[in-house]
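Dear colleague,

I am passing on a structure for you to look over, and below it I have set out what I found when going through it. Please read the notes with the coordinates open beside them.

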2 protein chains.
Amino acid sequence: MSLATNYIYSSRDHKFILKEWLDLGPVLGSDRYKNSYGIDDIDPVLDNALKVAREVLAPCNDDGDALHARYENGRVKTPDSYKKAYFFVQENGLGSSNKDHHDESALPCSIFASCSEYLAAANPGLGPYFMATTGAAGLVQKYGSEKVKQVFLAKMFSGQWAGTMDLTEPGGGSDVGDILTRAYPTDAPGVYRIVGTKCFITGGEQDITENIVHLTLARIEGAAPGTRGISLFVVPKYWPDEKGGVGSFNDVSCAGIEHKMGLRGSSTAVVSYGEEGHCRGYLLGDPPGEDGTGQGMAQMFDMMNEERMVTGHAATALATIAYNNAAQYASQRIQGRKLTNPKGGRVPIIKHEDVRRMLMFQKAHIDAFRALIIFTYHLLDLAETSTDPEVVKRARATIEVHTPIIKAYCSDLGFLCISEAMQVYGGYGYSEEYPVAQILRDSRIYAIWEGTNFIQALDLVGRKWTMGKGQVFTAWLKEIAVFVGKNQGAPGLEREFAVMQEACQHYQDIYRTVGGYAMTGKLELAGLYATRILHATGKLICGKILLDQALLAKRKMEEIGSEHHDYPFYQGKVASARFYVRNIVPEIETTLKVVKDADTSAIEVPEEALLLG
Amino acid sequence: MSLATNYIYSSRDHKFILKEWLDLGPVLGSDRYKNSYGIDDIDPVLDNALKVAREVLAPCNDDGDALHARYENGRVKTPDSYKKAYFFVQENGLGSSNKDHHDESALPCSIFASCSEYLAAANPGLGPYFMATTGAAGLVQKYGSEKVKQVFLAKMFSGQWAGTMDLTEPGGGSDVGDILTRAYPTDAPGVYRIVGTKCFITGGEQDITENIVHLTLARIEGAAPGTRGISLFVVPKYWPDEKGGVGSFNDVSCAGIEHKMGLRGSSTAVVSYGEEGHCRGYLLGDPPGEDGTGQGMAQMFDMMNEERMVTGHAATALATIAYNNAAQYASQRIQGRKLTNPKGGRVPIIKHEDVRRMLMFQKAHIDAFRALIIFTYHLLDLAETSTDPEVVKRARATIEVHTPIIKAYCSDLGFLCISEAMQVYGGYGYSEEYPVAQILRDSRIYAIWEGTNFIQALDLVGRKWTMGKGQVFTAWLKEIAVFVGKNQGAPGLEREFAVMQEACQHYQDIYRTVGGYAMTGKLELAGLYATRILHATGKLICGKILLDQALLAKRKMEEIGSEHHDYPFYQGKVASARFYVRNIVPEIETTLKVVKDADTSAIEVPEEALLLG
């Protein structure tokens, strides 16, 4: 059974988030959007994207998984159906054109991200081709010289030329500062000769677009060592000719692609530059100054941060499609009798307590993730459109805090949600005839790429906790505590807000305790606990967001009454908050206990003891 | 890269368990084994099994995953290399002959299970063919009439004829009582005509053995409804001829096999009996009496309980091979600098705190699982060989308690361990060129088959908690509490025993709380918490076992001194106990908090709210 017949997805939750929970007024009323989009446009835009996802992308999802991207003689063959679907997305305003700040039809990030979620869920293997193009185009627009923008931008915004992000090298994954790719000045201003090899390049070679624009990290001869000396280059596979079309081969070749557990339609390539000595690239921004500092890492981080959000969002999309299928299966599969009525008739398994536990586990996480992510995209919109510097500053700070949480917490837990969806199916879940097996395989990459989840955890604890001498993070924490304090005793949610208040205190204690370790030179303890702290942080913000949505849902329920067709939707929101806060949030206390206990067995165990297998 | 080149496995831990930690004296000195095996035989037996695993089974692991078991025109084709490996195992005393109670060369269960672990790890797709045969042979020996034993037993013990276990039907998985397969008496005594269809039958059709002996659950016409009325039949694919060879086709056909995410070399078949109306089977044991009660479920549970242990053990085996590969990779992969020495040189990733956390997470779980499982097999040996009825009774009771924990806790956590092994690898972990991707895919079935893990959780909470009016379980709990109490203040493990003492109290409180729910008619709460309780129970017994091993390891360390080559092994044992008790065991308290809080949102949420996708 394919996703083509199982593309069960709804725009209801996005409409709740965008039209009821968030206030998009300031963004839609801004100079940038006031003439293009209003609140009434949200429904048709979302519904159209969902239709494209269902009718254009989902039908070729099976092709990607069954046919794979295939490597042969330096070329990569993608499934035939991919090309059509890719261009349909690009030509219908759902692709990289949304990054164009000068395009009046570009959607606000919060709405564009919602649309992208439908596409990612419908075809996780195809999505990366246009999502990477979107990110790369944004970077070229932001940092490219007039010349570079003139040569590349229109082709990238139209999707005619795809974009990629080329960081990792065979000798270095998480360790970007040690890259070996080199750039040498040429006679042409801003043009460098590039030599090196990158690996794990998503879309690094494909036969969908006529050209591929690699945004490639390299060190200019003589620049500083480490991440500091790195620059970013625009390295097209084919050098643009004078008319702006595809010119001569630029000595960018593909040495092979990975044979992956999932996302098989997406090519993951080894890319070599300058094997014949004549690969060239345009420098983005300025060359390193006298101290040898390049701008590459900062530029790449712009795109990387975006891709980190895209990753957490893709994990959420896949968890959603798995959940939707599992819930529907559970409502139809007859098996067993109620524990509380063993003499009664056989029931659909959705009546069994453990199946409900598994479904609520998935639903609560998904509701929280989606709200967290779209909210963060909304902050990006505010940061880009607001004229109030204080609003912009706060929005940017919150995005910084949320990014590693979205990347890592949503991908780690998203994978567990999908595994629970498989468990709901029982034996059929393990069969590739049903949709969850592929979703499980596809989704496992999200905890790894765009910086492994440990890199995210270090980013949270090492950078985000300490930004602005800690003021950014403590302000973020305080906002949660104030919200929770203000709503103590909220009717029907008394217990939930009480649990959250304890959780806030536990989290603050974690922050103090581990912050103390770092300040007293016990840095290794911060490293040891970083992943668990990231998860605890995810639990805290998700608990807060779900309660905020539950308060709104309760007001709506009163407004519309229990006969209204939307009533169960709001009941579901309240249930998500209750389930999450009372079943997941208490785990924060365990993390506190563990970090206070400060066991160091993992650090002290001798290496030989780990290698006795 | 294949398991053939990555079969990293050691017998060291088994030797520790069998020769140092457990006392095999009473078993090896029993009438059954005193003339066949002594303590000095353990090393050569284990080392030989490891050699077979490495040299015979691991080399055809790739074949199973790449070529799959393939269905064509009613037949299943397995990889050519499978047949040779299967018979090598059978002919070298590592297969079903070990079930023969009359075979002097049969190994004690604790040693046989250790050998089987090596085989399961080396080739997870091939293992089920001989493991199912082993279980089925045991059942025929235990319950078969003289006639049935005479016809089938020698062929099954030699492996010439394979055995399978046929419970599940298209309409019923967990719900065995509702099976539709029927049996009708014939003129021949003990022989019934069988009509029906089963699915998810492991090894249900294959081309390795000349005959397949299906142990098939069916309801004899007129027997009671539900599980009570079920009988078990020996249904060969080919009816044995008068000389005991393969006779005429017995109308047992294969309608297809599953296309699975993993374990692809293992065929998972749809099996039809009597499509042409002439399928026959031998009844095992007696026909239903006047009240319509058959013996089938009780007999099948014999085999099922064994297969549940085999399942938890296979999960442990796969977690081990993934861990061993990940640890070795981590010791060789150079990436990044120490957090505590950022200006120092690049280091192997095994030096990074989070990699160590992930490795210790795996190692501690694996150490605990293996010890729990081999210990339980040892209890089976005691139950089968002891002449002291009290020993037999206690051993059987403990096996009952441990079985659902081994099946479910080891498979749930084993999967998470393997996912962590993949994370250690980073991007390469997601590539099928490295061994972990297949291991992850293969291992996901263990939480599903042989009774889903929720079925195990219900078995624990519904049956094992209440056996003998609760006395069995409270005695089991008390044994842990006494051990923990006795060792308070043990030098170097003070903190660990203090944490365990708290955990014992928390667990007892869970037992009282949820027991109270069940007694006051809130049965749905027991269902809602069963899975989490099973996990808490796993944490308790694993913590106890690891501490017991740590006490022994500490004594050994004193004995041999820090220069001894075995010293790191014992350090590793102490580290496993410390890590597990101080990082995992505290989660029991969260479970207590959650069950006391008794949130019922998952039960109360309206079904429509779960189905809005």
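How are helix 8 of chain A and helix 9 of chain A oriented to each other, roughly parallel or roughly antiparallel? Please bear in mind throughout that this is a predicted model. The axes of helix 8 (residues 127–143) and helix 9 (residues 146–158) of chain A come within 10 Å and cross at roughly 155 degrees; since angles over 145 degrees count as roughly antiparallel, the two helices of chain A are therefore roughly antiparallel to each other. Their crossing is left-handed.

As for the residues involved, helix 8 of chain A contributes Thr133(A), Ala136(A), Ala137(A), Val140(A) and Gln141(A), which meet Val148(A), Lys149(A), Phe152(A), Leu153(A), Met156(A) and Phe157(A) of helix 9 of chain A. Sorted by class, this contact has 8 nonpolar, 2 polar and 1 charged residues.

Turning to the two chains, a turn of 180 degrees with a shift of 0.0 Å along the axis lays chain A on chain B with an RMSD of 0.0 Å, which is the relation of a two-fold axis. Within chain A, the C-alpha nearest that axis belongs to Thr590(A), at 3.4 Å from it. Of the interface residues of chain A, 100% are also interface residues in chain B, so the copies meet through the same surface.

Finally, helix 16 (residues 494–519) of chain A has 26 residues and reaches 37 Å from its first C-alpha to its last, close to the expected 38 Å, and just after this helix Gly521(A) takes a positive phi of about 80 degrees.

With best regards

Notes:
Residues numbered from 1 in each chain as written. Chains lettered and ligands numbered in written order. Predicted model: local features only at pLDDT ≥ 70, side-chain atom pairs only at ≥ 80, totals over all residues. Heavy atoms only, no water. Axes fitted to C-alpha atoms, helices over the stretch in contact; angles between N-to-C directions. Helix = DSSP H or I, 4+ residues; strand = E, 2+ residues; numbered from the N terminus. Parallel < 35°, antiparallel > 145°, perpendicular 65-115°, else oblique. Left-handed = near helix turned anticlockwise from the far one by under 90°. Contact = heavy atoms within 4.5 Å. Nonpolar A, V, L, I, M, F, W, Y, C, P; charged D, E, K, R; others polar. Least-squares fit on C-alpha atoms with pLDDT ≥ 70 in both. Expected span 1.5 Å × (residues − 1).
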